[in-house]
Amino acid sequence: MLHSALALCLLLITVSSNLAIAIKKEKRPPQTLSRGWGDDITWVQTYEEGLFHAHKSNKPLMVIHHLEDCQYCQALKKEFAKNEEIQEMAQNDFIMLNLMHETTDKNLSPDGQYVPRIMFVDPSLTVRADITGRYSNRLYTYEPQDLPMQHNVCLLSSQ
């Protein structure tokens with residue numbers, strides 16, 4: 001009787017631990033570096049890290065400047081995160097960084113420190129001042145309705 005009870009306890013422990021492992025594999029912890037811009041995208045933590053990986057991988061760096069309490073940033077983030085083409089391109093063709101603070105590189109704020117602002121740095125570590133949005137007073141800003149244009153910009157900068 002004691003032997004049967006012990007065997008049953010061992011069986012229950014084995015089943016429950018296997019179930020716990022299966023549950024852990026299914027649940028993917030949220031990626032804090034994404035900040036809502038796309039959890040399936042691999043994000044770098046700092047501008048310097050982004051430059052390193054851009055140079056090493058020969059991929060351009062996309063830098064998204066935003067603030068959490070900015071309604072325009074939130075609207076752009078929502079559209080960016082749900083656009084599958086943009087998400088796939090961001091994951092496969094770019095080194096990705098989103099910043100909620102300014103960098104010390106003044107090349108990333110040539111016309112001011114507004115948000116949202118998206119800029120591209122090519123693998124030679126040159127900020128692409130020629131890739132701009134449609135607004136003359138905020139050259140590097142994009143709005144949700146600009147995503148088709150953003151897609152074309154992404155294609156241009158990844159070449």
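A charge is said to sit over a ring if NZ of Lys or CZ of Arg is within 6 Å of the ring centre and within 35 degrees of the ring normal. The exercises below apply this and similar criteria to a predicted model.

**Exercise 1. Find which ring lies under the charged end of Arg 138, and describe the salt bridge of Arg 138.**

Step 1. The charged end of Arg 138 sits over the ring of Tyr 135, at 5.0 Å from the ring centre. In a similar way, the charged end of Arg 117 sits over the ring of Tyr 114, with 5.6 Å to the centre.

Step 2. Arg 138 also forms a salt bridge with Glu 143, in which the closest N and O atoms are 3.7 Å apart.

Step 3. Arg 138 has a relative accessible area of 26%, so it is partly exposed, and Glu 143, with 23%, is likewise partly exposed.

**Exercise 2. Decide how the rings of Trp 37 and Phe 80 are arranged, and work out which parts of the chain they tie together.**

Step 1. A search of the whole structure finds two aromatic pairs. In the pair of Trp 37 and Phe 80 the ring centres are 5.3 Å apart and the planes stand at 75°, so the arrangement is edge-to-face, because planes over 60 degrees apart count as such.

Step 2. Trp 37 belongs to the loop between α1 (2–26) and α2 (47–57), while Phe 80 belongs to helix α3 (residues 71–82), and therefore the pair ties together parts that are 43 residues apart in sequence. Both Trp 37 and Phe 80 are buried.

Step 3. Phe 94 and Phe 120 form a tilted aromatic pair, with 5.8 Å from centre to centre and 45° between the planes. Since Phe 94 lies in the loop between α4 (84–93) and β2 (95–99) and Phe 120 in strand β3 (residues 117–121), this pair ties together parts that are 26 residues apart in sequence. Phe 94 is buried, as is Phe 120.

**Exercise 3. Work out the order of the strands in the sheet, and describe how the side chains of β1 are placed.**

Step 1. Strand β1 pairs with β2 in the parallel sense over five bridges, and one of the residues involved is Leu 61, whose bridge partner in β2 is Ile 95.

Step 2. Strand β1 is also joined to β3 by five bridges, but here the strands run antiparallel; Val 63, for instance, has Met 119 in β3 as its bridge partner.

Step 3. The three strands thus form an open sheet in the order β2-β1-β3, with mixed pairing, and the edge strands are β2 and β3, each of which pairs on one side only. Neighbouring strands of this sheet are turned by 15° against each other on average, direction ignored.

Step 4. In a regular strand the side chains alternate between the two faces of the sheet. In β1, Leu 61, Val 63 and His 65 point one way, whereas Met 62 and Ile 64 point the other way, and all are buried.

**Exercise 4. For the salt bridges of Lys 77 and Arg 128, decide whether each partner is buried, partly exposed or exposed.**

Step 1. A search of the whole structure finds six salt bridges. Lys 77 forms one of them with Glu 68, the closest N and O atoms being 3.5 Å apart.

Step 2. Lys 77 has a relative accessible area of 7% and is therefore buried, whereas Glu 68, with 45%, is partly exposed.

Step 3. Arg 128 forms a salt bridge with Asp 130, with 2.9 Å between the closest N and O atoms. Arg 128 is buried, its relative accessible area being 18%, while Asp 130 is exposed, with 52%.

Conventions:
Residues are numbered from 1 along each chain as its sequence is written. This is a predicted model: local features need pLDDT of at least 70, side-chain atom pairs count only at pLDDT 80 or more; totals for chains, interfaces and linings use all residues. Side-chain values use heavy atoms; hydrogens and water are left out. Rings of Phe, Tyr and Trp (its six-membered ring) pair if their centres lie within 6.5 Å; planes under 30 degrees apart count as stacked, over 60 as edge-to-face and the rest as tilted. Helices (H or I, at least four residues) and strands (E, at least two) are DSSP runs, numbered from the N terminus. Buried means under 20% relative accessible area, exposed over 50%, partly exposed in between (1.4 Å probe, protein chains only). Two strands pair if DSSP finds at least two bridges between them. Axes are lines fitted to C-alpha atoms, for helices over the stretch in contact, and angles run from 0 to 180 degrees between N-to-C directions. A salt bridge is a side-chain nitrogen of Lys or Arg within 4 Å of a carboxyl oxygen of Asp or Glu.
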